[in-house]
Amino acid sequence: MTGPDTQAPRSGADILRIALRRNVGAMTRGTLLMGLYQAGETAFPIALGLIVEHALRHRSPGALGLAIAALAVIVTTVSLSWRYGMRVLQKANTSEAHRWRVRVAACGLQPVARDVDLKSGEVLTIATEDADQTADIIEVVPLLISSLVAVLVAAVALGLADLRLGLLVIVGTVAILSILSVLSRRIGDSTQEQQARVARAGAKVADLITGLRPLHGFGGNHAAFRSYRQVSTEARHQAVTVAKVNGAYAGAALALNALLAAAVTLTAGWLAFEGRITIGELVMAVGLAQFIIEPLKLFSEMPKYVMIARASAERMALVLTAPPVSTPGVERPVGGDLDIDGVRYGTLRELKFRVAAGEFVAIAAYQPRAAADLAAVLALRVPPEAYEGAVRLGGRELAELSVEAVRELLLVNPYDGEIFAGTLRTNIDPSGTSRSVPEAVEASLLTDVVALHREGLDHAVRDRGANLSGGQRQRLSLARALAADTDILVLHDPTTAVDAVTEQLIARNLAGLRRGRTTVVLTSSPALLDAADRVLVLDDGAVTAEDTHRNLLATDAGYGAAVAR
């Protein structure tokens, strides 16, 4: 049976319903406290009116002292109910936003349907801003109800003084909400478009940062910056549009609320002049006309926030409802052998080879694209349905295996592995469970980086490894892959940014550390090719030769020309 935490939303409305259902208890407590706050706020001018009425009639110091004590109780109630009510609601809001952030991030780490054109920067915006704005519904509903309480209390109190005053408040409130609901729809549409454009700009920034060095290399940075400026300008124009709509909404709400307050004040003054209400009731009416502006303002702003939450929830649904690229199986592989059987995908043409359990195999791909396509297939970035042939782990096809089982057995480390803000240690062992961190650091020759800093493995690393050189980042990524200690490890160009001597040492260390476990290296490095048990030559999408590195150098001139440095 699916609970509120695990059920899959189908739309933005479902996301909002799940959020509301999951926080019923907190919202109930918050509504009671905020209702008490609004009732106390509204009771203040009522109490003032009663005090004036009582003082004019009886002129008793004792009654005046009692009235002042009553006012103190009201003020204390207002203060405490607001403090604890907002504490309850904001805690629930923050917790709910965190739950959706985690859920969106989990979906972002899994492949999504290709027809959902979302880049990592867009998913990041959805997991942050949209998750926060969706969770705001937890505060919106209690504040909406508590504002309604204040309006009803005011309407009843004024109605007891004179029915026309009470009806004026009720009719005016309905009219204000009807007018503002039209504007709130425009805000929701504009906000959704703004979030989409901001997300596209964020995705463009992420792409630029990733490719900045190659862009500088061939002089394409100016064109890339112009491209970013265009999407950024579009986002800015949409933000200005949203600000205009928000300004129109806020101005209309303020004007309408002030108009209603003025109407109540003038009507009460006319009734007092006619002698139909007392001076105390007039003071109460004037006070309520002023105090009612705040709950009316809050009440009239709620539709806007509801529409913003709905728009953000719809964007989250784009990620949460997107089907996976493939439907994974449930089986678990047995053994550490890898079998590629007639795979056709991208540049790969009837690719066929087998790596036995415990073997160290290097693949020399003459076309870099072929190596990237093979890595993508093995990393599950390509669904089994998207290529011909079969990939087997431990004798079972990938389509039959669960994603968790594949990732426990097989790790594909990309050539551009991400480096995260944190420390060297948290980048090598993010989960904090690896027992082979020292061996991984030594094998990847990250020891010199560790020795450079007094903090050692606890040396701080900036986002994307901005305070590390290219070679240091690459060795850190390699250390992380080795520390995972998986049965099958696939490395894609792990040493392109290091010098030849370091590369030679890494190749020797890698062969020693991975002895007895399956290792595949996609590389053109002579050192790594020489360290492997055998080398497969991948040319034009198929294996065209197979032997040791030294035998291939002696017998295949094309191979020698391709890998010689």
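Q: How many salt bridges does the count come to?

A: The general idea is a side-chain nitrogen of Lys or Arg lying within 4 Å of a carboxyl oxygen of Asp or Glu. In this model, which is a predicted one, the count comes to 22 salt bridges.

Q: Let's take one of them. Which residue does Arg315 meet in a salt bridge?

A: Arg315 pairs with Asp130, side chain to side chain, at 2.9 Å from N to O. This pair ties together distant parts of the chain: Arg315 sits in helix α10 (residues 293-320) and Asp130 in helix α4 (residues 120-135), 185 residues apart.

Q: Are these two partners buried or exposed?

A: Look at relative accessible area: under 20% is called buried. Arg315 has 4% relative accessibility, so Arg315 counts as buried. Asp130 has 0%, so Asp130 counts as buried too.

Q: And what about Arg164: which residue does its side chain meet in a salt bridge?

A: That would be Asp162, with 3.1 Å between N and O. Here you can compare each partner with the cut-offs. Arg164 is partly exposed because its relative accessibility is 39%, while Asp162 is buried, with a relative accessible area of 10%.

Q: Which residue forms a salt bridge with Arg396?

A: Glu400 does, and the closest N and O atoms of the pair are 3.8 Å apart. Arg396 is partly exposed at a relative accessible area of 31%, and Glu400 counts as partly exposed at 35%.

Q: Salt bridges can also be linked up. Which residues are linked in a network of salt bridges?

A: Find Asp339, Asp341, Lys352 and Arg392 in the structure: salt bridges link these four residues in a network.

Q: Now for a helix. How many residues does α16 have, and how far does it reach from its first C-alpha to its last?

A: The way to read this is to set the reach of a helix beside the span expected at 1.5 Å a residue. Helix α16 (residues 470-484) has 15 residues and reaches 22 Å, close to the expected 21 Å. Just after α16 comes Asp485, with a positive phi near 55°.

Q: How many residues of α16 are buried?

A: The answer is 12 of its 15 residues, leaving the helix mostly covered. Among the buried ones are Gly471, Arg475, Leu478 and Ala483.

Q: What covers the buried residues of α16?

A: To answer that, you look for the elements in contact with them. The cover includes two strands, β6 (410-413) and β9 (488-492). It also includes the helices α13 (424-428), α14 (437-443), α15 (447-452) and α17 (500-513).

Q: Can we zoom in on Ser477? Which residues is it in contact with, leaving aside its neighbours within four places in sequence?

A: Ser477 is found in helix α16, and its contacts beyond those neighbours are Asn413, Pro414, Gly417 and Ile419. Ser477 has a relative accessible area of 4%, so it counts as buried. You can also check C-alpha atoms: those of Ser477 and Pro494 are separated by 8.3 Å, with the two residues 17 apart along the chain.

Q: Next, polar contacts. With which side chain does the side chain of Thr519 make a polar contact?

A: Here you look for a pair of N or O atoms within 3.5 Å. The side chain of Thr519 makes such a contact with that of Arg514, at 3.0 Å. Thr519 lies in strand β10 (residues 518-522), and Thr519 is buried because its relative accessible area is 0%. Not counting residues up to four places away in sequence, Thr519 touches Glu359, Phe360, Val361, Leu489 and Arg514.

Q: What does the side chain of Ser402 reach?

A: A side chain can pair with a backbone atom as well: Ser402 reaches the backbone nitrogen of Ala405 at 3.1 Å. You'll find Ser402 in the loop between β5 (396-397) and α12 (403-409). Ser402 is buried, with a relative accessible area of 11%.

Q: Last stop, the surface. Which residues form a nonpolar patch there?

A: Leu48, Ile279 and Val283 do, with about 220 Å² of accessible area together. Leu48 is in helix α2 (residues 24-58), and Leu48 is partly exposed, with a relative accessible area of 33%.

Definitions and conventions:
Residues numbered from 1 in each chain as written. Predicted model: local features only at pLDDT ≥ 70, side-chain atom pairs only at ≥ 80, totals over all residues. Heavy atoms only, no water. Helix = DSSP H or I, 4+ residues; strand = E, 2+ residues; numbered from the N terminus. Expected span 1.5 Å × (residues − 1). Buried < 20%, exposed > 50% of the residue type's maximum accessible area, 1.4 Å probe, protein only. Contact = heavy atoms within 4.5 Å. Patch = residues over 30% accessible without salt bridge, like charges linked within 9 Å, V, L, I, M, F, W, Y side chains within 5 Å. Areas by Shrake-Rupley, 256 points an atom, 1.4 Å probe, with all protein chains shown as cover. Polar contact = N/O pair within 3.5 Å; in protein donor to acceptor, adjacent residues only side chain to side chain.
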